[in-house]
Amino acid sequence: MLNIENISFIVIHCTDSSRDFTTFEQVNYWHKSNGWKSERSGINIGYHFFLNGKGQIFEGRKFYGKEVEKGAAQYGLNDKAIGICLALA
């Protein structure tokens, strides 16, 4: 778990897959296949938020008050960044 006060960056990612067909569940599965798993919630997706092609927002890694689950998609910044992924292509 990370203290929210230690977060210095927001990292924006894109899926490089079909905007209209890429789902939160698919990305969660892809990350599970890579062996990613959060410390507390057990969710696999490495991002804190995922926005699909319809503009719906899904929470990935969780926030617990002033604590945040460590991300898994910001190589070198996982301990100080919030990750957001957009379904784009």
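This passage walks through the strands, one helix residue and the cysteines of the structure shown above. The model is a predicted one, and the description begins with its sheets.

Two open sheets are described here, one of four strands and one of three strands. In the four-stranded sheet the order is β2-β7-β3-β4, and the pairing is mixed. Its edges are formed by β2 (9-14) and β4 (57-59), each of which pairs on one side only. From one strand to the next, the twist averages 20 degrees. As background for a newcomer, strands of a sheet pair through backbone hydrogen bonds, and they can do so in a parallel or an antiparallel way.

Strand β7 (residues 81-86) is a good place to look more closely. On one side, β7 pairs with β2 in the parallel sense, over six bridges; within this pair, V11 has G83 in β7 as its bridge partner. Strand β7 also runs parallel to β3, and three bridges join these two strands. Here F50 stands opposite C85, and L51 has L86 as its bridge partner. How much of β7 is buried? Five of its six residues are, so the strand is largely enclosed by the rest of the structure.

Strand β3 covers residues 49-51, and L51 belongs to it. With a relative accessible area of 23%, L51 is partly exposed; the cut-off for a buried residue is under 20%, so L51 does not fall in that class. Leaving aside residues up to four places away in sequence, L51 touches Q56, I57, I84, C85, L86 and A87. Among these contacts, L86 is also the bridge partner of L51 in β7. A further relation links L51 to T23: the two lie 28 residues apart along the chain, and their C-alpha atoms are separated by 8.8 Å.

The other sheet has the order β1-β6-β5, with antiparallel pairing. Its edge strands are β1 (2-3) and β5 (63-64), each pairing on one side only. Strand β1 is joined to β6 (residues 67-68) by two bridges, and the two strands run antiparallel. In this pair, L2 stands opposite V68 of β6.

Away from the strands, helix α1 (residues 24-33) contains N28. Is N28 buried or exposed? Its relative accessibility is 17%, so N28 counts as buried. A polar atom of the N28 side chain lies 2.7 Å from the backbone nitrogen of I45. Not counting residues up to four places away in sequence, N28 touches I43, N44 and I45, and I45 therefore appears both in this list and in the 2.7 Å atom pair.

The cysteines complete the picture. How many disulfides are there? The count comes to zero. C14 is in no disulfide, and the nearest cysteine sulfur to its own is that of C85, 7.0 Å away. Seen from the other partner, the sulfur of C85 has C14 as its closest cysteine, and the 7.0 Å between the sulfurs is too far for a bond, because a disulfide needs the two atoms within 2.5 Å. The surroundings of these cysteines can also be described: C14 counts as partly exposed, at 47% relative accessibility, whereas C85 counts as buried, at 0%. C85 has already appeared above, as the residue that F50 stands opposite in β7 and as one of the contacts of L51.

Definitions and conventions. Residues numbered from 1 in each chain as written. Predicted model: local features only at pLDDT ≥ 70, side-chain atom pairs only at ≥ 80, totals over all residues. Heavy atoms only, no water. Buried < 20%, exposed > 50% of the residue type's maximum accessible area, 1.4 Å probe, protein only. Polar contact = N/O pair within 3.5 Å; in protein donor to acceptor, adjacent residues only side chain to side chain. Contact = heavy atoms within 4.5 Å. Pairing = 2+ DSSP bridges. Axes fitted to C-alpha atoms, helices over the stretch in contact; angles between N-to-C directions.
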